[in-house]
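Reader: I have just opened my first protein model and would love some help reading it. Could you show me how the terms are justified, step by step?

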Amino acid sequence: MAKKATGEKVLRGIGVSPGVARGNIFVYKIADEVVPEYDIAPEQIAQEISRFEAALVTTREQLHDLQRRIAAGVGSDAPSSILDVHMSITEDPALIEPVMTGLEKDHKNVEHLFNAVAQRYIKTLAELPDEYLRERAADVQDVANRVLRNLLGRHVRALDNLPPNTIVVAYDLSPSDTSSLDRKNVVGFATDVGSHTSHTAIVARSMNIPAVVGLRDASQHLRDGQPAILDGYSGALVIEPTQQTLFVYGQLEVKRHTIEERLALLRDLPAETLDGHRLVISGNIELPADVPGLQAVGAEGVGLFRSEFLYLKGKDFPTEEEQYQQYVQVCEAMKPHWVIIRTLDLGGDKFHSEEATPNEVNPFLGFRAIRFCLANPAVFKTQIRAILRASAAGNVKIMYPMISGIGEVLQANEILQVVMADLRREGIPFDENIDVGAMMEIPSAAMTAEMIAQEVDFFSIGSNDLVQYTLAVDRVNEKVADLYDPTHPAILRLIRNCVEAAHNNNIWCGICGEMAGNPLYAPLLVGMGLDELSVAAASLPRVKEIIRRLKLSEAQELAAATLHATRSQDVLAMLNALLRRIDPDLAG
Ligand code: PEP
Ligand code: MG
C-alpha cells in the first residue's frame, strides 16, 4: 500500500471491469467475525428469549433441509447421521440452560451469552481424554456458528439497502451476495481475492460498473464512509484522494469520455468487418435487472442468461411461475432478438445457500450443472416448463451447461420431450421448434464436438471453464492466475474443433466466456469463424469497434498463424501487434 503524506493511500489490485467510480467505501463483513455485546433492560429478557428460540428453530429447520438434500443427492444416510448429532446439540440443556440463567442474572444480549456458553463448552470438550468426545468440539462449534448466524442475520450488514455512490469492499462477493445487491446505489466493487473470471468480476461487467480484485487485505483496513476512487482500468483503489489526484483523474476521465462517446456511436451499427462479414454480438446477464444495460449498448440478444442467479436469492428454489415471469420479462424486452436461457448451473462456486453447500473436495469437478439437473429431474422439469412457456412470448433458446459428451445431451433432450408432451396435453402454448444448444466448456465435449453437433442446434463455447478444465487451473484461484491462459495452443485447437464441427453440421457456434469480451482476442475469434460473441455490457462496445476496424481476411490469416505458434507468448505478440495497428486507443 503506497501512503502519501497527505493521507491518500493507493491500493493496487487487478482491474477486471473498466471504468472509474468515485464514491464512499462500504466494508461488507461476514457475521461470525463479530459477536456484539451490550446490556439489556429487564423488560427485554422475554424478547431475547424468543429471539434465541427462533434461532434454534431455524437452525433445526436448516439441518433438516440439509439432511433431505444430502439424502436425495447421495442416496445414503451416512453424512446425515452427522447431522443427527448436530440436531441433538441444538437441544442440549448444557448449552441452552446457562443462556437462560445468564439472561436473568447478567442482563446481556443473547448472542453474547450464547457465544460465551458455547466457547466454554467447546473448551471443556476439547480438553477431555476421550477422543470421541474431543472430536465433538468441532460439531458444537459448527452448530454454534449456525445459531449465531441465525441470531445476527446471515451478514452483519446487508447489501440490499446501501447509500448512493457506494463502493463495496469485501474479502470476496459470492454469487448469492451479488444476487441480493442494491444495484441502484453501488458504483463499484473492490475485493481482496479474485481473478478475471471470478463471479465478482463477471457480475461487475454485467452491471457495467468498475471493479478491482486481488487487493489482498483491503477489507480489513478500510473504514465505512472513506471517500475513494476506484479505477477499473489500472486496478487502483485510491483512498481519500487529494485534490491533485482528483484533478489527474478528472483529466483522464475527459480522455476516456471521448473514447466512450466514440464507442456510443456504434450502438445501432452492425458488428461487421470492413469486408462485409457479419457476426452477432449478444450479451451475458445474471438477472433481468441487467437487461437495460445490454439495451443501452445495442446488444443483439442475450447469448447467456445465467439462470442460476434466480435460484441464489431466497431460501427456496423459485417456482415455475416465478421463473416464467422473469424469463418472459427478459424476452419481451429483447424482442425480436433471441434470449438463450442456460439451464441451472448450480455447483462449482455457485450454491443455493450456505446450508446447501455440498461436502465435496472438488466442487468444480463435482455435482454441478447438468449433472445436478439430471439427478434431480423434478427441479429440471420445472425449469424446462418455465422456459418452454416463455418461448411462446418471444425468441427463446435453451442451452445445457457442463456437457461432457453426447450422453448428457440425449438424456436432457429426453426430459425436454417429456415436458413438451405434458404441455401439449395441457394445451399450453410453446415454441415447438425451440433451438437447443450445448455449452462447450469441458474438453471431452470439445473433442467430441462432431458427435454432439448432430444432436443440437448451436454451440456456445464457455471459455471460462474450458480454460480451467483443459489447463487444470482453478479459474478463481489468484495463486495460479498466471497459468490461466486462453491463448494456450490446446485451447486454440479445442475452439477450432468446436467451430469446424458446428459448421460441418450446419449449425452455428458462439462463445460466451469472458474471452469473448476481451478486445485483444476479438480478431482471433473472428478469424476462427465464431458466429456469435456473447459478452458483458461493459465489454460490448469495444469488441464491436474492433470487429468494425478489421478485415475478415486479415483475421483469418492471424488465426491460421496463431495455430502454428507453439508458445502463447508468440500468439499474444501477434494479437497485440494487430490491436495496436487497428485501434491504438484500445490497445492502451
Ligand atoms: C464459461 O464457463 O465460460 C461460462 C460462460 O459459464 P460460467 O462462467 O457461468 O461458468
Ligand atoms: Mg461455465
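**How do we know?**

Author: Happily! Glutamate 240 sits in the loop between β9 (236-239) and α9 (243-264). Keep in mind that this is a predicted model.

Reader: What makes glutamate 240 count as partly exposed?

Author: Its relative accessibility is 30%. Buried means under 20% and exposed means over 50%, with partly exposed in between. The value of 30% falls in that middle range, so glutamate 240 counts as partly exposed.

Reader: What is notable about the phi of glutamate 240?

Author: Its phi is positive, about 45°, although the residue is not a glycine. Most residues other than glycine have a negative phi. Methionine 402 also has a positive phi, about 60°, and is not a glycine either. Methionine 402 is in the loop between β14 (395-400) and α15 (406-426).

Reader: Is methionine 402 buried or exposed?

Author: Its relative accessibility is 1%. The limit for buried is under 20%, so methionine 402 counts as buried. Isoleucine 167, in strand β5 (residues 166-170), has 0% and therefore counts as buried too.

Reader: Which residues does isoleucine 167 touch?

Author: Leaving out residues up to four places away in sequence, its contacts include Ala21, Phe26, Val187, Ala228 and Leu230. To be called a contact, heavy atoms must lie within 4.5 Å.

Reader: How do you know that the bond between lysine 335 and proline 336 is cis?

Author: Look at omega, which is about 0° for the peptide bond joining lysine 335 and proline 336. Most peptide bonds are trans. You can find proline 336 in the loop between α12 (320-334) and β13 (338-342).

Reader: Why are Glu441 and Asp465 called donors of the magnesium ion (ligand 2)?

Author: A donor here is an N, O or S atom within 2.8 Å of the metal. Glu441 (OE) and Asp465 (OD) lie 2.0 to 2.1 Å from the magnesium ion, so they meet that cut-off. Glutamate 441 is in the loop between β15 (435-440) and α16 (443-447), while aspartate 465 is in helix α18 (residues 463-471), so the pair ties together parts that are 24 residues apart in sequence. Both glutamate 441 and aspartate 465 are buried.

Reader: What makes the pairing of arginine 475 with ligand 1 a polar contact?

Author: The cut-off for a pair of N or O atoms is 3.5 Å. A polar side-chain atom of arginine 475 is 2.7 Å from an oxygen atom of ligand 1, so the pair qualifies. For arginine 306, a polar side-chain atom is 2.8 Å from an oxygen atom of ligand 1. Asparagine 464 uses a polar backbone atom, 2.8 Å from an oxygen atom of the ligand. Ligand 1 is surrounded by 16 residues, and the closest include Arg306, Asn464 and Arg475.

Reader: What makes a group of residues a nonpolar core?

Author: Its members are buried residues of certain kinds, such as Leu and Phe, joined through side-chain atoms within 4.5 Å. The largest nonpolar core has 132 residues, and Phe189 and Leu530 are among those with the most contacts inside it. Helix α19 (residues 489-504) gives the largest share, eight residues. Domain 1 (2-30 + 158-259) and domain 3 (271-587) each supply at least three residues to this core.

Reader: How many residues of domain 1 are in contact with domain 3?

Author: There are 22 residues of domain 1 in contact with 25 residues of domain 3. The centres of these two domains, taken over C-alpha atoms, are 27 Å apart.

Methods
Residues numbered from 1 in each chain as written. Chains lettered and ligands numbered in written order. Predicted model: local features only at pLDDT ≥ 70, side-chain atom pairs only at ≥ 80, totals over all residues. Heavy atoms only, no water. Buried < 20%, exposed > 50% of the residue type's maximum accessible area, 1.4 Å probe, protein only. Helix = DSSP H or I, 4+ residues; strand = E, 2+ residues; numbered from the N terminus. Domains from an automatic or database assignment. Donors = N, O, S within 2.8 Å, 3.2 Å for Na, K, Ca; no water. Near = heavy atom within 4 Å. Polar contact = N/O pair within 3.5 Å; in protein donor to acceptor, adjacent residues only side chain to side chain.
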